[in-house]
Amino acid sequence: MRTYVVAVAVVSSLMAGCAMSFPGRQAEPSPRFVIDPRPVDRPLADLAKSAKGKVLLRQVDEEGRSDRWSTKLRMGTSFRLEVDCVRASGTIFVRVGETQLPHQCSAGPGGVRVSTIPDDVAVRSVKVEAPKGARWAVLIWKPPQSQH
């Protein structure tokens, strides 16, 4: 028991020493913890070029005026989503119904395919949450093989 108490005292004093701060010196962030690279400054990509089916939704905010946007859309559960985001660092989140699809703004244009069988058509909510000041574009399209 005595050894345990001594060990706890030693560990506690070591932890207290690590927590000390030195006057006039501030901790600098370590580069390995940097998540977002610098914002990309280029024109938004024309996402419609990659759509090979029926375009269901195309929303573009080229001025960076709205960091939150939503609408309702009659669509199935199988679709493709294309996203682009520039002039901001961080993540743009697109929610289609219960599905959340994040995209890193600095990653360039990107797409994802979402499929659920059966492909039930229903009115679904679409919400976009972008970083403040971001210029963004979202395109939802239906591949030809899953059109009804």
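## Exercises on the sheet and the cores

In this predicted model, four strands make up an open sheet whose order is β1-β8-β3-β6, with antiparallel pairing.

**Exercise 1.** Determine which strands are the edge strands of this sheet, and how the neighbouring strands are turned against each other.

*Solution.* Begin with the pairing of each strand: β1 (54–61) and β6 (110–114) each pair on one side only, and they are the edge strands. Then take the angles between neighbouring strands of the sheet, which, with direction ignored, come to 15° on average.

**Exercise 2.** Describe how β3 and β8 pair, and find the residue in β8 that stands opposite Glu82.

*Solution.* The two strands β3 and β8 run in the antiparallel sense and are paired over seven bridges. Within β8, the residue opposite Glu82 is Leu139.

**Exercise 3.** Identify the residues of the largest nonpolar core that touch the most other members, and establish which strands each supply at least two residues of this core.

*Solution.* This core has 22 residues, of which Phe79, Leu81, Ile92, Trp136 and Ile140 touch the most other members. At least two residues each are supplied by β2 (68–75), β3 (79–86), β4 (91–96), β7 (122–129) and β8 (135–142), and the largest share, four residues, comes from β3. Apart from this core lies another, of seven residues, with Leu44, Val86, Leu139 and Trp141 among them.

**Exercise 4.** List contacts of Ile140, leaving aside residues up to four places away in sequence.

*Solution.* Counting heavy atoms within 4.5 Å as a contact, one finds that Ile140 touches, among others, Lys54, Val55, Leu56 and Leu57. Further contacts of Ile140 include Leu73, Met75, Phe79, Arg80, Leu81, Val96 and Val126.

Terms used. Residues are numbered from 1 along each chain as its sequence is written. This is a predicted model: local features need pLDDT of at least 70, side-chain atom pairs count only at pLDDT 80 or more; totals for chains, interfaces and linings use all residues. Side-chain values use heavy atoms; hydrogens and water are left out. A nonpolar core is a set of buried Ala, Val, Leu, Ile, Met, Phe, Trp, Tyr and Cys residues joined through side-chain atoms within 4.5 Å. Buried means under 20% relative accessible area, exposed over 50%, partly exposed in between (1.4 Å probe, protein chains only). Two strands pair if DSSP finds at least two bridges between them. Axes are lines fitted to C-alpha atoms, for helices over the stretch in contact, and angles run from 0 to 180 degrees between N-to-C directions.
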